Amino acid sequence: NNNESGVEVAKLQHEMKSMKEMLILSKLQQPVASERIVATSYLNEVNAPDEDVLKALIQTMNTDKNSNVRMAAMNALAKFRNEEMVSDALVESLSIQTDPIIQISLINMLVNMNETRAVDKMKQIIDDNSTNESVRKLAEEGILTLI
């Protein structure tokens, strides 16, 4: 009957989501950077990831030693920028990232999100003498857009 098959499909979908999330979490632990990047791409297939997956991606975005992996994690998280935990993490990450390419992507993302909480972090970037000149200019433009 239809009701039973609907329940079965729902169970299978839930199991698939759980398996994908487990895969993401395990691949983020891999020593090879390309494997960690692949892990972030699996997030595209998950509509509402659980908190552990988001936390693992946030940690990867902020601490992975490979800037390509950090960028991939940030881009995967962008899909869930309406989640409070993710928007908070993206704003916070601005004061953590030092790679100019990631800083530029993050500033653009936060400006597109109209995230006014990022203004103070952008001021810190501007005041930091070690900031790349292109990043500094973009942060200045970003502040003007947001205020």
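**Reading the pocket and the core**

Modeller: About 190 Å³ of space lies in the largest pocket of this predicted model, and of the 14 residues that line that pocket, Gln97, Thr98, Gln103, Asp128 and Thr131 are the closest to its centre.

Biologist: How many residues of each class are in the lining of the largest pocket?

Modeller: Rolling a probe the size of a water molecule over the atoms shows where empty space is left. Here the lining of the largest pocket has 8 polar, 4 nonpolar and 2 charged residues, and α7 (118–127) gives the most to this lining, with 3 residues.

Biologist: Which residues touch the most other members of the largest nonpolar core?

Modeller: A nonpolar core is a set of buried Ala, Val, Leu, Ile, Met, Phe, Trp, Tyr and Cys residues joined through side-chain atoms within 4.5 Å, where buried means under 20% relative accessible area with a 1.4 Å probe and protein chains only. In this case the core has 41 residues, of which Leu90, Ile107 and Met122 touch the most other members. Leaving aside its neighbours within four places in sequence, Ile107 is in contact (heavy atoms within 4.5 Å) with residues including Leu94, Met122 and Val135.

Biologist: Against which helices do the buried residues of α5 pack?

Modeller: The buried residues of α5, Leu90 among them, pack against α3, α4, α6 and α7.

Biologist: What limits apply to a predicted model?

Modeller: Local features need pLDDT of at least 70, side-chain atom pairs count only at pLDDT 80 or more, and totals for chains, interfaces and linings use all residues. Residues are numbered from 1 along each chain as its sequence is written, while side-chain values use heavy atoms, with hydrogens and water left out.

How values were computed:
Buried means under 20% relative accessible area, exposed over 50%, partly exposed in between (1.4 Å probe, protein chains only). Helices (H or I, at least four residues) and strands (E, at least two) are DSSP runs, numbered from the N terminus. On a 1 Å grid over the protein atoms alone, a cavity is a set of points where a 1.4 Å probe fits but cannot get out, and a pocket is an open set with protein on both sides within 12 Å along at least five of seven lines; lining residues have an atom within 4 Å of a point. Grid points are joined across faces, edges and corners, and a volume is the space filled by probe spheres set on the points. Ala, Val, Leu, Ile, Met, Phe, Trp, Tyr, Cys and Pro count as nonpolar, Asp, Glu, Lys and Arg as charged, and the others, Gly among them, as polar.
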